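Q: Please take a close look at one part of this model, the open sheet with its surroundings, and describe it in connected prose.

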Amino acid sequence: MIVQKTDYAKHADLLSKKQILDAVTPFLYPAKKVPDTFVSAKVKGMDDIVISFFLNIGGNYTPLLKSTQQAYGITAKEIFDHISHTDYGYTLSPIMDILKELNLSEALAISDDDTHSLFYVLTNNTCSYGAAAIANPVVLHELREKFKCSLYIFPSSVHEVLLMPVQNIPNAVPNELADMVKEINHNVVGPEEFLSDHVYLYDYEQNCIRTLA
């Protein structure tokens, strides 16, 4: 993926408003890393994470700047309506399937009955900046219909999140789960891919995401 910074407000005659909206792609980022000039929005229930909107123009990704938003007269509602009615193109895979495909399950000594094998990886079709799938209302609805239970959400990186049905870890202690995330972030995840040290919960009964620890 090529990421560049282009101010399309200076070229408002080159692209139509519809073309800009059609190019909008959501990324998830740590809130503290997103500049004020970027168009972004809070993720309800994930206080330290924001959706930052990028434009996919010819395969190049550039931040949607507030100046561009103003130049085209694009409202926040138009952006969210577009995101909510666009096929996100997500993938949901058991982590064991991915490890076996990469021939890593034996190397990591993870068996089919290991607790870690119960994780699911949620990302997009390109496996790049796919963590935003968890903030898409269409995706969340389909996860709700598939699992029909509450889910732990582990922010693996900006590229994906890990999901696990709560009943798969019946005696989980939230702070211990958060400590596990912190340790992995510290030892495995690069600074440019870091998303969050928190653990979140999709609450099936309340149909919402909230920060667990």
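**The open sheet and its surroundings**

A: In this predicted model, asparagine 185 is buried, with a relative accessible area of 8%, and its place is in helix H6, residues 174–187. Leaving aside residues up to four places away in sequence, asparagine 185 touches Pro155, Ser156, Phe194, Ser196 and Asp197. Strand E8 covers residues 151–157, and this strand leads to the sheet itself.

The sheet is open and has six strands, in the order E6-E7-E9-E8-E10-E11, with antiparallel pairing. Its edge strands are E6 (90–94) and E11 (208–211), each of which pairs on one side only. On average, and with direction ignored, neighbouring strands of this sheet are turned by 30° against each other. Helix H5, residues 137–147, packs on the sheet and touches E6, strand E7 (120–124), E8, strand E9 (160–165), E10 and E11, while its direction makes about 30° with that of E6. Within the sheet, E8 and strand E10 (residues 200–203) run antiparallel and are joined by three bridges; tyrosine 152 stands opposite leucine 201 in E10.

Helix H5 also takes part in the second largest pocket, which has a volume of about 420 Å³. Of the 20 residues that line this pocket, Lys44, Ala135, Asn136, Pro137 and Leu140 are the closest to its centre. H5 gives the most to the lining, with four residues, and strand E3 (40–43), strand E4 (46–57), helix H3 (76–84), H5 and the edge strand E11 each supply at least two. By class, the lining comprises 13 nonpolar, four polar and three charged residues.

Two loops that adjoin these elements deserve a separate look for their backbone. Most residues other than glycine have a negative phi. Tyrosine 129, in the loop between E7 and H5, has a positive phi near 55°, and asparagine 207, in the loop between E10 and E11, likewise has a positive phi near 55°. As for accessibility, tyrosine 129 counts as buried because its relative accessibility of 15% lies under the 20% limit. Asparagine 207 is partly exposed, since its relative accessible area of 46% falls between the limits of 20% and 50%.

Terms used
Residues are numbered from 1 along each chain as its sequence is written. This is a predicted model: local features need pLDDT of at least 70, side-chain atom pairs count only at pLDDT 80 or more; totals for chains, interfaces and linings use all residues. Side-chain values use heavy atoms; hydrogens and water are left out. Buried means under 20% relative accessible area, exposed over 50%, partly exposed in between (1.4 Å probe, protein chains only). Contact means heavy atoms within 4.5 Å. Two strands pair if DSSP finds at least two bridges between them. Axes are lines fitted to C-alpha atoms, for helices over the stretch in contact, and angles run from 0 to 180 degrees between N-to-C directions. On a 1 Å grid over the protein atoms alone, a cavity is a set of points where a 1.4 Å probe fits but cannot get out, and a pocket is an open set with protein on both sides within 12 Å along at least five of seven lines; lining residues have an atom within 4 Å of a point. Grid points are joined across faces, edges and corners, and a volume is the space filled by probe spheres set on the points. Ala, Val, Leu, Ile, Met, Phe, Trp, Tyr, Cys and Pro count as nonpolar, Asp, Glu, Lys and Arg as charged, and the others, Gly among them, as polar.
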